[in-house]
Amino acid sequence: MLTDLATTVTAAASRLPADLAAHGPWGAGGFSPWFLLFPLFWILVIGLFIFFARRTWRRNHEWATARGGESVLRERYARGEINESEYNERLQVLRGDQK
């Protein structure tokens, strides 16, 4: 029985390079494109992450830029660098409420 097993293993091992050369690494079924789906899925996930991250960053950056002048003005008023009337005048200018 041990010799039959050894003969079978030896025969299978000798056939392996011939089967690999005849059918390739995909077996007797031939080339299958299914192995491409997993990398394509991750490329899509990473691409969507980058898209939404850039979109969110751009919106936050635009909001911070638009509110930048008012926040600086509030900080200067809070530190006492400008008085209330000067603060209100400059705030009207920033908001476009000139009379």
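Let's start with one contact: Glu70 and Arg74 join their side chains in a salt bridge, with N and O 3.9 Å apart. Both residues belong to helix 2, where they sit 4 residues apart, about one turn of the helix. Their surroundings differ in exposure: Glu70 counts as buried at 9% relative accessibility, while Arg74 is partly exposed at 41%. Keep in mind as you look around that this is a predicted model.

Now step back to the whole chain. It holds 3 helices and 0 strands, giving the pattern α-α-α along the sequence. Of its 99 residues, 6% count as buried. The accessible surface comes to about 8800 Å², and carbon and sulfur atoms account for 65% of that.

Helix 2 covers residues 37–79, and Phe38 lies in it. Phe38 is exposed, because its relative accessible area of 58% is over the 50% cut-off. Together with Phe41, Trp42, Val45, Ile46, Phe49 and Ile50, Phe38 makes a nonpolar surface patch of about 750 Å².

Returning to charged contacts, the count is 6 salt bridges. Another one in helix 2 links Arg79 with Glu75, whose closest N and O atoms are 4.0 Å apart; here too the partners are 4 residues apart. Arg79 is exposed at 54%, and Glu75 is partly exposed at 45%. These two also take part in a network of salt bridges with Arg76 and Glu81.

Finally, look at helix 3, residues 84–95, where Glu86 and Arg90 are separated by about one helical turn. Their side chains meet in a salt bridge at 2.6 Å, N to O. Glu86 is partly exposed at 24%, and Arg90 is partly exposed at 34%.

Methods:
Residues numbered from 1 in each chain as written. Predicted model: local features only at pLDDT ≥ 70, side-chain atom pairs only at ≥ 80, totals over all residues. Heavy atoms only, no water. Helix = DSSP H or I, 4+ residues; strand = E, 2+ residues; numbered from the N terminus. Buried < 20%, exposed > 50% of the residue type's maximum accessible area, 1.4 Å probe, protein only. Areas by Shrake-Rupley, 256 points an atom, 1.4 Å probe, with all protein chains shown as cover. Patch = residues over 30% accessible without salt bridge, like charges linked within 9 Å, V, L, I, M, F, W, Y side chains within 5 Å.
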